[in-house]
Amino acid sequence: MIPDEEFIRKESIPITKEEIRAVSIGKLNLDKNDVVVDIGCGSGGMTVEIAKRCKFVYAIDYLDDAIELTKQNLAKFNIKNCQVIKGKAEDILDELEFNKAFIGGTKNIEKIIEILDKKKINHIVANTIVLENAVKIINELENKGYNVEAVNVFISYSKKISSGHMFLAKNPITIIKAVR
């Protein structure tokens, strides 16, 4: 995994943290022939890591800053097997051909899952920090016949203090894997 500090960052655009990227990549079970869509690409952290491991990635986001940041990070890491697309995923997904999906942004999640289901995408990984979104995603995927596994990941980083070291926790992330 590429360390977080190597990515070009902007405070207003989130990046999936290194350890979360590692677990999410593992849950995607990527193959060199996979074509993956990254929905809600943000800073492009997952886009870069996915692209290093598969044939092609479509990175989608509706925010101008996210699109620009993803393009900058793709260029920085010399990633060529990716197309960055500005817009709402629900307006774009029908036009793309892919076999796996990573969902990092949960806006309009019901519609996105409906489209992925209709396209017969059989391997989906979704990350969320919002408990209600995790429940919504799990329910939507199970209702569409997916086998769903959810893992809640807590990451803490050490910090040196006068008497030794302590751990500072980051927000927990729910990583949902759905296959059929």
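**Exercise 1. The cysteines**

Classify Cys54 as buried or exposed from its relative accessible area, and explain why its sulfur takes part in no bond with the closest cysteine sulfur.

*Solution.*
1. Cys54 has a relative accessible area of 8%. The limit for a buried residue is under 20%, so Cys54 is buried.
2. In this predicted model, the cysteine sulfur closest to that of Cys54 belongs to Cys82, at 8.8 Å.
3. A disulfide requires two cysteine sulfur atoms within 2.5 Å. The 8.8 Å between the sulfurs of Cys54 and Cys82 is therefore too far for a bond.
4. For Cys82, the nearest cysteine sulfur is that of Cys41, 7.7 Å away, and Cys82 is in no disulfide. Cys82 is likewise assigned to the buried class, at 16% relative accessible area.
5. The search of the whole structure agrees with these steps, as it finds zero disulfides.

**Exercise 2. The largest pocket**

Describe the largest pocket by its volume, the residues closest to its centre, the elements that supply its lining and the character of the lining residues.

*Solution.*
1. The space in the largest pocket amounts to about 870 Å³.
2. Its lining consists of 41 residues, of which Pro14, Thr16, Gly40, Gly104 and Gly105 are the closest to the centre.
3. Two or more lining residues come from each of strand S1 (35-39), helix H2 (45-51), strand S2 (56-61), helix H4 (89-92) and strand S5 (123-128).
4. By character, the lining holds 19 nonpolar, 15 polar and seven charged residues.

**Exercise 3. The annotated binding site**

Which residues does UniProt list for "binding site", and which of this set belong to the lining of the largest pocket? Compare the surroundings of two of them, Thr16 and Ala89.

*Solution.*
1. The unreviewed UniProt entry lists Thr16, Gly40, Cys41, Gly42, Ser43, Gly44, Asp61 and Ala89 under "binding site".
2. From this set, Thr16, Gly40, Cys41, Gly42, Ser43, Gly44, Asp61 and Ala89 are found in the lining of the largest pocket.
3. Thr16 sits in the segment that precedes helix H1 (18-28). With 21% relative accessibility, Thr16 is partly exposed.
4. Beyond neighbours within four places in sequence, the contacts of Thr16 are Asp4, Arg21, Met46 and Asn127.
5. Ala89 belongs to helix H4 and is buried, at 6% relative accessible area.
6. With neighbours within four places in sequence set aside, Ala89 contacts Ile39, Ile60 and Ile112.

**Exercise 4. The annotated domain and a strand residue**

Give the extent of the domain that UniProt names "Methyltransferase", summarise the secondary structure over those residues, and characterise the setting of Val37 in strand S1.

*Solution.*
1. The feature "domain: Methyltransferase" comes from an unreviewed UniProt entry, which places it at residues 31-138.
2. Helix makes up 39% of the chain over residues 31-138 and strand 24%, while the end C-alpha atoms lie 25 Å apart.
3. Val37 is part of strand S1, and its relative accessible area of 0% makes Val37 buried.
4. Apart from neighbours within four places in sequence, Val37 is in contact with Tyr58, Ile60, Leu93, Leu96, Phe98, Lys100, Ala101 and Phe102.
5. The C-alpha atoms of Val37 and Asp94 are 12 Å apart in space, with their positions 57 residues apart in sequence.

**Exercise 5. Positive phi angles**

Where are Asn29 and Asn78 found, and are they buried or exposed?

*Solution.*
1. Most residues other than glycine have a negative phi.
2. Asn29, not a glycine, has a positive phi of about 50°; Asn78 also has a positive value, near 55°.
3. Asn29 is placed in the loop between H1 and S1, and Asn78 in the loop between helix H3 (64-76) and strand S3 (82-86).
4. The cut-off for an exposed residue is over 50%. Asn29, at 51%, is therefore exposed, and Asn78 is exposed at 55%.

**Exercise 6. A loop lysine**

Locate Lys170, assign its exposure class, and identify its contacts.

*Solution.*
1. Lys170 occupies the loop between strand S8 (164-169) and strand S9 (173-179).
2. Its relative accessible area is 44%, so Lys170 is partly exposed.
3. Residues up to four places away in sequence are not counted; Lys170 then touches Ile155 and Tyr157.
4. Lys170 and Lys17 are 153 residues apart along the chain, yet 9.7 Å separates their C-alpha atoms.

Notes
Residues numbered from 1 in each chain as written. Predicted model: local features only at pLDDT ≥ 70, side-chain atom pairs only at ≥ 80, totals over all residues. Heavy atoms only, no water. 1 Å grid on protein atoms, 1.4 Å probe; cavity = no way out; pocket = protein on both sides within 12 Å on 5 of 7 lines; lining within 4 Å. Points joined across faces, edges and corners; volume = space filled by probe spheres on them. Helix = DSSP H or I, 4+ residues; strand = E, 2+ residues; numbered from the N terminus. Nonpolar A, V, L, I, M, F, W, Y, C, P; charged D, E, K, R; others polar. UniProt positions renumbered as here; feature names shortened; annotations may be inferred. Buried < 20%, exposed > 50% of the residue type's maximum accessible area, 1.4 Å probe, protein only. Contact = heavy atoms within 4.5 Å.
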